[in-house]
Amino acid sequence: MKTFIFGFLFSFSVLNAQDAIDYHFVFGTETDAEKATGISTALPYQPDTGYGFDFGTAYRVTQHSAGFSATAPVYFSVDVPEGIYTVSLVLSGKDTEMTLKAESKRLFAAREPINTDDAITKTFTVAVFYPEISESYKVGLKDREQGTLDWDHKLTLEFLGDIVIHEIHIEPSPKTRTLFLAGDSTVTNQDVEPWASWGQFITAYLTDEIAVSNQASSGASLASFNGSRFDKILSQLKPDDFVIIEFGHNDEKIKGEGNGAWGLYTNLLTDFISRIREKQGIPILITPTQRRAFEGAKLKETHGDFPDAMRKVAQREEVALIDLTRMSTAMYEAWGPEASRKAFVQYPANYFPAQREALEDNTHFSNFGANELALAVIHALRQTDHPLKNYIRSDAPAYNPGQPNEAGSYHIPLSSRFELQKPDGN
């Protein structure tokens with residue numbers, strides 16, 4: 001056991017041969033004797049130490065005798081081995097609320113009310129994954145993915161809200177069941193604002209008994225995912241883990257003989273299912289989300305035969321299917337051509353820093369839209385007898401895609417990292 005004191009206690013011990021490590025951080029100047037007393041200064045993240053307040057946010061930290069707080073987003077990073085971790089936060093706060101994200105904006109708590117002087121513990125489970133598959137084989141990351149929080153060698157926590165963080169405890173949880181996500185830009189954890197996806201919001205509606213490993217990629221099709229991307233998931237897949245597969249947006253762009261919905265797409269879906277089952281995993285198919293393409297009050301069918309092809313494969317292979325094409329169609333048409341804009345990245349010029357031109361995107365979601373789609377996925381799971389439904393939080397709200405929430409009614413604090421370039425796959 002080693003102990004370092006730099007404004008908090010950092011301790012770790014090797015737990016097993018896989019280099020699983022237990023991290024325990026205590027913030028503040030008043031701690032009990034066993035936890036030692038830290039120096040009341042914020043410590044920036046440094047690669048040589050492997051922990052600290054990241055992305056230049058140490059200056060935002062307010063030190064308290066019992067911990068730290070900040071009214072603007074604060075990032076705290078720790079170098080950890082690849083794996084599944086249970087994160088326990090000891091915190092307090094009066095008449096305030098907490099928003100908590102991890103890695104590439106994976107949402108775990110959305111404006112959760114906190115009103116107690118006594119320290120309470122909040123727990124969640126997070127998957128950390130590296131590009132490396134073996135010593136000589138890596139995931140083929142795109143240039144834009146280099147350095148994103150999901151694919152670095154750190155676990156990064158993002159705190160938003162005027163709460164006091166007393167302790168952070170990060171414990172390996174290698175036996176925790178995992179939900180892997182394979183998909184495109186409508187699924188992936190968008191690393192920066194204002195882009196979002198349902199895959200990074202569904203984490204807020206699942207219990208800490210399951211980890212979500214979202215390895216979807218902007219611009220991906222089944223064909224491009226079939227390689228190092230899918231091999232990475234298979235290398236981590238444990239018996240009874242789940243794998244959600246949602247593709248279609250970019251598969252439509254692959255032209256040539258045999259490359260349509262009933263050819264390459266159907267063949268690859270069938271192959272993915274077979275390889276998941278060989279590892280004793282449980283595949284789930286999700287038809288592609290609709291684009292916002294109205295003709296009058298109704299949406300155009302922009303996905304051609306691809307949703308039907310996936311429905312056919314699901315039926316033939318006896319795989320659970322979530323029909324997000326139909327649900328998202330009902331949602332957008334319920335909002336109508338104008339109100340539905342709020343579900344997408346559509347903002348006037350100068351809404352965000354350095355944004356000189358209006359953002360007009362009919363494929364990628366705002367935080368509101370991403371959350372609505374996550375609720376739709378949760379709704380569909382609840383209608384089944386699928387074992388994944390057992391991991392839905394009991395307080396996850398009911399949802400009706402035909403009567404979605406009022407457009408723009410959901411708000412969470414924005415992260416402080418922005419990029420105005422559209423994700424691949426528009």
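User: Happy to dig in! Which residues does leucine 179 touch, not counting residues up to four places away in sequence?

Analyst: Good place to start, keeping in mind that this is a predicted model. Leu179 is one of the residues that touch the most other members of the largest nonpolar core, a set of 47 residues. Leaving aside residues up to four places away in sequence, leucine 179 touches Leu206, Ile210, Ala211, Val212, Ser213, Phe242, Ile244 and Leu388.

User: Which element gives the most residues to that largest core?

Analyst: Besides Leu179, the members that touch the most others are Trp198, Tyr332 and Leu388. Two or more residues each come from β14 (177-183), β15 (210-214), β16, β17, α5 and α6 (367-382). The top giver, with 10 residues, is α6.

User: And how many residues are in the second, separate core?

Analyst: In soluble globular proteins, nonpolar side chains tend to be buried together. Here a second core stands separate from the largest one, and Phe53, Leu89, Tyr130 and Ile170 are among its members. Its size is 36 residues.

User: How do phenylalanine 27 and phenylalanine 76 pair, and at what angle between the planes?

Analyst: A pair of aromatic rings is described by the distance of the centres and the angle of the planes. The structure holds 24 aromatic pairs, and in this one the centres are 5.5 Å apart. Edge-to-face requires planes over 60 degrees apart, so this pair is edge-to-face, with an angle of 75 degrees.

User: Where in the chain do those two rings sit, and how many residues apart?

Analyst: Phenylalanine 27 lies in strand β3 (residues 23-27), while phenylalanine 76 lies in strand β7 (residues 74-79). Both also belong to a cluster linked by ring pairs, together with Phe25, Tyr51, Phe53, Phe68 and Phe159. The pair links distant parts of the chain, the separation being 49 residues.

User: Is phenylalanine 76 buried or exposed?

Analyst: Its partner phenylalanine 27 has a relative accessible area of 2%, so it counts as buried. For phenylalanine 76 the value is 1%, and the cut-off for burial is under 20%. Phenylalanine 76 is therefore buried.

User: Moving to the helices, what span should the 18 residues of α3 have, and how far apart are its end C-alpha atoms?

Analyst: At 1.5 Å a residue, α3 should span 26 Å. The buried residues of α3 include Tyr265, Leu268, Phe272 and Ile276, and the elements covering its buried residues include α1 (222-225), α2 (228-236), β16, β17 and α4. The expected span agrees with the distance between the end C-alpha atoms, 24 Å.

User: Which residue follows α4 with a positive phi?

Analyst: Helix α4 (residues 306-317) has 12 residues and reaches 16 Å from its first C-alpha to its last. Its buried residues, Met310 and Val313 among them, pack against β16 (242-246), α3 (261-278), β17 (282-286), β20 (320-322) and α5 (324-339). After the helix, phi is positive, near 55 degrees, at glutamate 318.

User: Finally, what is the radius of gyration of the chain?

Analyst: The chain has six helices and 22 strands. The globule rule gives 22 Å for 426 residues, and the chain comes close to that, so it is as compact as a globular protein of that length. Of these residues, 58% count as buried. The radius of gyration is 22 Å.

Conventions: Residues numbered from 1 in each chain as written. Predicted model: local features only at pLDDT ≥ 70, side-chain atom pairs only at ≥ 80, totals over all residues. Heavy atoms only, no water. Helix = DSSP H or I, 4+ residues; strand = E, 2+ residues; numbered from the N terminus. Expected span 1.5 Å × (residues − 1). Buried < 20%, exposed > 50% of the residue type's maximum accessible area, 1.4 Å probe, protein only. Contact = heavy atoms within 4.5 Å. Core = buried A, V, L, I, M, F, W, Y, C linked by side-chain atoms within 4.5 Å. Rg over C-alpha atoms; globule rule 2.2 N^0.38 Å. Phe/Tyr/Trp six-rings, centres within 6.5 Å; stacked < 30°, edge-to-face > 60°.
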